[in-house]
Amino acid sequence: MERFSFPDAPPSPEAKQLRAEIRAFLRDELKDMPAEARTGSWTGFDAGFSRRMGERGWIGMTWPRAYGGRERSALERYVVLEEMLAAGAPVAAHWIADRQTGPLILRFGTEAQRATYLPRIAAGACFACIGMSEPDSGSDLAAVRTRAEPVPGGFRVNGTKLWTTYAHESHVMVLFCRTDPKAQRHEGTSQLLIDLRDTPGVTIRPIIDLQGAHHFNEVVFENAFVPEANLIGRLGEGWKQVTAELANERSGPERFLSSMTLLVELIRLLGRAPGDEAAVAVGRLTAHLIVLRRLSRGVARLLQDGADPALQAAIVKDLGSVFEQAIPDVARALVALDPDEPATRRFGEVLARTVMSVPSFSLRGGAREILRGIIARGLGLR
């Protein structure tokens, strides 16, 4: 079916040269980082690392130069993402701003918003978070209840956002909210830019995950005033904007490389002559990885061509989550951990950290049930 097409990525000498530059950069940057620390990668926060990426032009790469970008291709940007994740680099500080917030502002924002935020994001100096999920509306974003009531000069915001990644470190939030409570579920919603450092009435509360880490937050709005100039696009365009954002969120290599450090360490531990069972298992994982990479690069090509690959992105995200969650199970079946043996003890630390992250893989960016509903509609089954 045409709607399920995943076009080939064209040959790119520029991308090949860029890949070599990134690998050299990462060899120097990550030379002292142990494997267990690399399991976090896109949840690893390092403002200095993000700033150094910005200095090299690796954030906001595809944006116009007038806004701090480098006007490079979506496929070149893909190379940067892929290499960073495969190496386990700490990219969380700039990740959301580069992937979603910047493109959103570039496409729907005002000229003042572009000039204010985009150069700072591209420099690795402005970090962003996403205000979508709520206590009673996670993957079902149409059920959003946070209310932004139009008042003279702007909006009065009340409500709660949940699982807001790195809100406590972010400068700005893109808030998805309801601006017309009488409209249909998918209508009457808008998005606002929230200054998290200087908006009275905004409270950020930590949520500690299974590893004892503070990535997530609950963000509460209590009569918080947001200026009208912070509205993204036109009033009531929130759903249109969010669906455009989700194609970027669901299709990238982070949707199948979250367990990559564990796979690399598994292959390293098995050595050059694994048994038949291990060879078959690793071969199957490798084949799946190759296919997912091919699909994901196809979405990057569609984005570069100006298409709307929301359906293809849902497929990549769903298949990628299944792949990521399978790797720890394969690893546990193949390796007998011995706490007295240094090699398997180190491997066990990588495995443990990955296992504790696994439940989130099929939730973030849309729960599996929601994604499969989107795919079913694309097939004409519902």
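This passage looks at helix packing, salt bridges and a few backbone details in a predicted model.

A good place to start is the pair formed by helix H1 (residues 13–29) and helix H4 (residues 74–87). Their axes lie 9 Å apart and meet at an angle of about 30°. Angles under 35 degrees count as roughly parallel, so H1 is roughly parallel to H4. The crossing of H1 past H4 is right-handed. On the H1 side, the contact is made by Glu 14, Ala 15, Leu 18, Arg 19, Ile 22, Arg 23, Phe 25 and Leu 26. H4 contributes Glu 76, Val 79, Val 80, Glu 82, Glu 83, Met 84 and Ala 87. Sorted by character, the residues of this contact comprise 9 nonpolar and 6 charged, with no polar ones. The spacing of such residues is easier to follow with one general point in mind: an α-helix has 3.6 residues a turn, so residues three or four places apart point the same way.

Some of the charged residues can be followed further. Glu 83 and Arg 19 form a salt bridge, with 2.6 Å between the closest N and O atoms. Because Glu 83 sits in H4 and Arg 19 in H1, this pair ties together parts that are 64 residues apart in sequence. Both Glu 83 and Arg 19 are buried. The two also belong to a network of salt bridges that links Arg 19, Arg 23, Glu 82, Glu 83 and Arg 293.

In total, the model has 18 salt bridges. Another one joins the side chains of Arg 205 and Glu 218, at 3.3 Å from N to O. Here the partners lie in strands: Arg 205 is in strand E6 (residues 202–208) and Glu 218 in strand E7 (residues 214–227), so the link ties together parts 13 residues apart in sequence. Arg 205 is partly exposed, with a relative accessible area of 39%, and Glu 218 is also partly exposed, at 21%. A further salt bridge connects Asp 305 with Arg 301, whose closest N and O atoms are 3.0 Å apart. Arg 301 is partly exposed, with a relative accessible area of 23%.

A second helix pair is made up of helix H8 (residues 260–270) and helix H11 (residues 342–361), which pack at an angle of about 160° with their axes 10 Å apart. Angles over 145 degrees count as roughly antiparallel, and H8 and H11 are therefore roughly antiparallel to each other. Their crossing is left-handed. H8 makes the contact through Thr 261, Leu 262, Glu 265, Leu 266 and Leu 269, while H11 does so through Ala 343, Thr 344, Phe 347, Val 350, Leu 351 and Thr 354. The residues of this contact divide into 7 nonpolar, 3 polar and 1 charged.

The backbone offers some details too. Most residues other than glycine have a negative phi. Trp 163, although not a glycine, has a positive phi of about 60°. Trp 163 is found in the loop between strand E3 (154–161) and strand E4 (172–178), and is partly exposed, with a relative accessible area of 48%. Asn 223 is likewise not a glycine, yet has a positive phi of about 55°; this residue lies in strand E7, the strand that also holds Glu 218. A glycine with a positive phi, near 80°, is Gly 380, which follows helix H12. Within H12 (residues 368–378), the buried residues are Leu 371, Gly 373, Ile 375, Ala 376 and Gly 378.

How values were computed:
Residues numbered from 1 in each chain as written. Predicted model: local features only at pLDDT ≥ 70, side-chain atom pairs only at ≥ 80, totals over all residues. Heavy atoms only, no water. Buried < 20%, exposed > 50% of the residue type's maximum accessible area, 1.4 Å probe, protein only. Helix = DSSP H or I, 4+ residues; strand = E, 2+ residues; numbered from the N terminus. Salt bridge = Lys/Arg side-chain N within 4 Å of Asp/Glu carboxyl O. Axes fitted to C-alpha atoms, helices over the stretch in contact; angles between N-to-C directions. Parallel < 35°, antiparallel > 145°, perpendicular 65-115°, else oblique. Left-handed = near helix turned anticlockwise from the far one by under 90°. Contact = heavy atoms within 4.5 Å. Nonpolar A, V, L, I, M, F, W, Y, C, P; charged D, E, K, R; others polar.
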